[in-house]
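Grab a coffee and open the model in your viewer. Below are a few exercises, each with a solution worked out step by step.

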Amino acid sequence: MRKIVIGSGGISGLKLVDAADPEPGPGEVLVLMHASSLNYRDLVTVRQAGATTPGLVPNSCGAGEVVAVGDGVRRIAVGDRVAPMFFQKWVDGRITPEARGSTLGGPIDGCLRDLMVLNEEGVTRLPDDMTFEEAATLPCAGLTAWRALVEEGNLKAGETVLVQGTGGVSIFALQFARLFGAEVIVTSSSDAKLERARALGATHVINYRQMPDWASAVRQLTGGRGVDHVVEVGGADTLQQSIASIALGGNIHVIGVLGGYVKDVDITQIFRSNGRIQGVTVGSRAMFERMLRAMHFNGIHPVIDARFPLENTADAFELMARGGHFGKIVIEH
Ligand SMILES: NC(=O)c1ccc[n+]([C@@H]2O[C@H](COP(=O)([O-])OP(=O)(O)OC[C@H]3O[C@@H](n4cnc5c(N)ncnc54)[C@H](OP(=O)(O)O)[C@@H]3O)[C@@H](O)[C@H]2O)c1
């Protein structure tokens, strides 16, 4: 089989190599991968390319078809179309330390390979109307947006959601917010991307480059009230603005660190807002299954902006590194 491995030198160090075909052991399934997708985390992993990562197969997200099963497998059968779960050991309930260490794309080899052996509990069957490319976008980005707004945020019709930028997590958050009847404000560095966000149902858009104090614009757009949810992916660049943007009792779903990891914040604004700041790391398999059903019954399809063959994976990472995408970037195997 072919696989992409991390070398040294970041994106230019990615290598396509041959490897022996794996075989499933007891309780395991062998998946022929048809597609995978990029997340910002994968870009960070490839760029860091430290002493622990050479030889690692990057990318947490993909989808494929089960071509063999090991002894004792009951949940999954040959021929099933499946997606591997981001957390291989988080089936349901609250996250555990064991689950937290069970992530694909590091420390466990990820999806940029032709064949994957996974525990049968670590995959989910896909609806028939979802393509492998679409499904490959969901295990991290889709599920993170779903968990933040729906599972943790208890999103209600008529609420207002702010999403930051137009990357993978944010565009899923826009789609799920519209599904639940929420009004959506989108920020972006690009007016062209903001127009695309409007076409997907954003009610208001703000260019955060032209308007660095975008919290004031959010106040104006909401009649002074603020928003009920912020899907916070900007990290150090955006957290203070997010706190200034929420309505009384609003929610900030802390997900990303696009603009840095550490930030001094004005604590008085947090308690005055009576807001909730909720950390989110992806989600469980049970949450993923609920998300899939909601997407299936409502005809929601992921927004795929660009597709690359496996051998051109480096070009896909270059596109993400320059922020040239809207929604998701997919690799076709
Ligand atoms: N906690 C979790 O479980 C979890 C799960 C998934 C992702 N994440 C994190 O969430 C973040 C987004 O991930 P992703 O995969 O969706 O990324 P992505 O697809 O690469 O999206 C990046 C986009 O975000 C916008 N952006 C970049 N810097 C920004 C800033 N300083 N302020 C506001 N927007 C900014 C840009 O949009 P425009 O071009 O429109 O300006 C950029 O194109 C990353 O930090 C990632 O590590 C965390």
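**Exercise 1.** Work out which domains supply the shell around the ligand, and what classes of residue sit in that shell.

*Solution.* Start with the domains: domain 1 (2–137 + 302–332) and domain 2 (142–279) each give at least three residues to the shell, with bounds taken from an automatic or database domain assignment. Before going on, bear in mind that this is a predicted model, where local features need pLDDT of at least 70, side-chain atom pairs count only at pLDDT 80 or more, and totals for chains, interfaces and linings use all residues. Residues are numbered from 1 along each chain as its sequence is written, and side-chain values use heavy atoms, with hydrogens and water left out.

Next, count: 26 residues surround the ligand, each with a heavy atom within 4 Å of it. Among the closest are Thr166, Tyr208 and Val280. Now sort by class: eleven are nonpolar, 13 polar and two charged. Here Ala, Val, Leu, Ile, Met, Phe, Trp, Tyr, Cys and Pro are nonpolar, Asp, Glu, Lys and Arg are charged, and the others, Gly among them, are polar.

**Exercise 2.** Find the side-chain partners of the ligand's oxygen and nitrogen atoms, then say how much of the ligand is buried.

*Solution.* Look for pairs of N or O atoms within 3.5 Å. On the oxygen side, a polar side-chain atom of Ser188 sits 2.6 Å from a ligand oxygen, and the side chain of Ser189 puts an N or O atom 2.7 Å from an oxygen of the ligand. For nitrogen, go to Asp237, whose side chain has an N or O atom 2.9 Å from a ligand nitrogen. Finish with the area: the ligand alone exposes 930 Å², and the protein buries 89% of that (Shrake-Rupley method, 1.4 Å probe).

**Exercise 3.** Locate the cis peptide bond and say where its proline lies.

*Solution.* Check omega first: between Gly106 and Pro107 it is about 5 degrees, and that bond is cis. Then place Pro107, which falls in the loop linking α2 (97–100) to β6 (115–119). Helices are DSSP runs of H or I with at least four residues, strands are runs of E with at least two, and both are numbered from the N terminus.

Terms used:
Near = heavy atom within 4 Å. Polar contact = N/O pair within 3.5 Å; in protein donor to acceptor, adjacent residues only side chain to side chain.
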